[in-house]
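Here are some notes to read alongside the structure, written for someone meeting it for the first time. Please keep the view open and find each place as you go.

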Amino acid sequence: MNFQAVKSIYAFEMNRWRRTVLQSIVSPVISTSLYFVVFGAAIGSRIETVEGVSYGAFIVPGLMMLTLLQQSVSAASFGIYFPKFTGTIYEILSAPVSFFEIVLGYVGAAATKSIILGTIILITASLFVDLRIAHPFWMVAFLLLTAVTFSLLGFIIGIWADNFEKLQLVPLLIITPLVFLGGSFYSVDMLPPFWQGVTMFNPVLYLISGFRWSFYEVSDVSIVWSVAAIGMFLSLALGIVWWIFKTGYQLKS
Amino acid sequence: MHPVIAISSLSKRYDSGFEALKGVDLEIDRGEIFALLGPNGAGKTTLISIICGIVNPTGGSVSVDGHDILADYRAARSLIGLVPQELTTDQFESVFDTVSFSRGLFGKKPDPAYIEKVLTDLSLIDKRDNKLRELSGGMKRRVLIAKALSHEPKILFLDEPTAGVDVSLRKDMWEVIRKLRESGVTIILTTHYIEEAEEMADRIGIISGGRLLLVERKADLMRKLGIKQLRLELREPLSALPAELQGYDLTIEDDGKTLLYTFDREGERTRITSLLADLQSAGIRVRDLDTKQSTLEDIFVSLVKEQA
């Protein structure tokens, strides 16, 4: 195991982030605050509680998931896409590192970034509403697993993309809609029965539901399903990454 | 002695169907400077990329100091430093950081003193804290060399090291390469400048169309390249060589209208003056003349013809 290389890639990525840390932190904090103003204060004032939780507090886990998913995907996809774009990837491919080590470095850094941001969102949110975390262990577990899983997804997108448009496409067209329609801002019970059924096919629903359960013990689906879903995503992402490296897809052909 | 790199029947077909390498066999000796010469698109970069692990081969095998590049890639790659053709750098990193990063990637513990020594050897020490985007092209090239040397490799690949580099910097680069060789590093460089191979290499391999056409010691190849031809266009056609001219390497061409004299440019005497005198005394009048040196291009052409 080439730990030195993992450390180098991780430190390189974190350094890159540090150079632009202000914009990396400020933009999610501002957008989260906006969500609170719009959904929490303006619209939320007309919704008393959702399943016994004040609306402002209800949307916090969803907002964290939104940031976590978006930031994991964008940090990891950009991290691996950029060396491909500039050509510096030659060095990583020619170094005595295994694919596992490359992934560990890039995905580890991306997950770290999104966890830091998620935590900042949590702190920001606590300024607006009263938060209660019923199951801290599960809350941290969901946070970690989601960050890692979606950083892996970002890594896959970064490998697959051969231009900047594709890099933007998946987060914009898939991740954001899935999060919005996955019950970030509402309980699935509030939907008409037909749309409730459709929502059950949205994988992100299971993440948000599980994450919310770790806060307030209310959930749209059973926690068992949520854990199974995150486990399934993780295995799927790992499988695809394994295949990419086995075949050299978009890297070594 | 074992070759430090052994390549056998190496082939590469890209997804597009393009066959970049068609069964290359080559052995690189320890401590030599080997120049891989060939026109653009000949397969030079593909060959290097496969050995360094950047491109997967389609067939064949490569071992580096006895380590297979696929089965035992860690050991093989640890020995190799690569300076790519393109000036690809992380624009926002500092010189020192980017070179240290390379060392880390190769699994070596940080060693600022060694990095500083490499930077000093490459006259980069003044720029150690500069961002890469602030450097000139020549300086960036040096940074790429520093990155390749950061993990103390035993074998150094230089892909077109002096492409787009001005003359004085090119001389500096050659000096750097010579010093490296003296320290025991095996060097493989690709180039399409014959002068570069002439200046640096112990052996030269010529590659074209994905085939290694020839591998020779430089001295032998230069002898071939030293051959020149004098073409004499005659006023009246000649049916046979007169006695005075029998001692020259002459051939009659073009229905007797042209005489072709082959001589060695590197030889002590080319005998051109005496040939012209003998032509005059034989009463042969010359309308026009020109000389032609067999170039690398000619060698390519004749080699490719032989292959066909």
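1. Let's begin where the chains meet: 26 residues of chain A and 30 residues of chain B take part in the contact. Please keep in mind that this is a predicted model. Chain A and chain B bury about 2,500 Å² between them, and 54% of that area is on carbon and sulfur atoms. On the chain A side, the residues that lose the most area to chain B are Tyr90(A), Pro96(A) and Lys252(A), which together make up 26% of what that side buries.

2. Now for the polar side of the contact. There are 3 salt bridges between chain A and chain B. A salt bridge joins the side chains of Arg19(A) and Glu93(B), with 3.1 Å from N to O. The two chains also have 9 residue pairs in polar contact, with both residues at pLDDT 80 or more. Within chain A, H1 and H5 are the elements that give two or more residues to the side touching chain B. H1(A) has the largest share of that side, 6 residues. Sorted by class, the side of chain A that touches chain B holds 11 nonpolar, 11 polar and 4 charged residues.

3. Which helix gives the largest share of the lining of the largest pocket? That is H4(A), with 10 residues. The largest pocket holds about 870 Å³ of space and has 37 lining residues. Nearest its centre lie Arg16(A), Ser74(A), Ala75(A), Phe78(A) and Gly79(A). Helices H1 (3-19), H2 (21-43), H4 (60-86), H5 (89-94), H6 (99-128) and H8 (164-180) of chain A each supply at least two residues of this lining. Its make-up is 15 nonpolar, 15 polar and 7 charged residues.

4. Next, look at the second largest pocket, whose volume is about 490 Å³. Its lining has 20 residues, and those nearest the centre are Tyr90(A), Thr45(B), Ser49(B), Ile54(B) and Val55(B). Two or more lining residues come from H5 of chain A and from helix H1 (44-52) of chain B. H1(B) gives the most, with 4 residues. By class, this lining divides into 10 nonpolar, 7 polar and 3 charged residues.

5. The enclosed spaces deserve a look too: there are 4 cavities of 30 Å³ or more. The largest cavity has about 60 Å³ of space. From chain A, its lining takes Tyr90(A), Glu91(A) and Ser94(A); from chain B, the lining includes Ile80(B), Gly81(B), Leu82(B), Phe106(B) and His151(B). H5 of chain A, strand E6 (80-83) of chain B and helix H5 (137-149) of chain B each supply at least two residues here. The lining has 5 nonpolar, 4 polar and 2 charged residues.

6. What classes of residue make up the lining of the second largest cavity? The lining has 10 nonpolar residues, no polar ones and no charged ones. This cavity, of about 50 Å³, is lined by residues of chain B, among them Ile7(B), Leu26(B), Phe34(B), Leu47(B), Phe157(B) and Ile188(B). Strands E2 (19-28) and E3 (33-37) and helix H1 of chain B each supply at least two of the lining residues, and H1(B) gives the most, with 3.

7. If you would like one residue to follow through the model, try Tyr90(A). Tyr90(A) is among the chain A residues that lose the most area to chain B, lies among the residues nearest the centre of the second largest pocket, and helps line the largest cavity.

Note on methods:
Residues numbered from 1 in each chain as written. Chains lettered and ligands numbered in written order. Predicted model: local features only at pLDDT ≥ 70, side-chain atom pairs only at ≥ 80, totals over all residues. Heavy atoms only, no water. 1 Å grid on protein atoms, 1.4 Å probe; cavity = no way out; pocket = protein on both sides within 12 Å on 5 of 7 lines; lining within 4 Å. Points joined across faces, edges and corners; volume = space filled by probe spheres on them. Nonpolar A, V, L, I, M, F, W, Y, C, P; charged D, E, K, R; others polar. Contact = heavy atoms within 4.5 Å. Buried area = accessible area lost by both parts, 1.4 Å probe. Salt bridge = Lys/Arg side-chain N within 4 Å of Asp/Glu carboxyl O. Polar contact = N/O pair within 3.5 Å; in protein donor to acceptor, adjacent residues only side chain to side chain.
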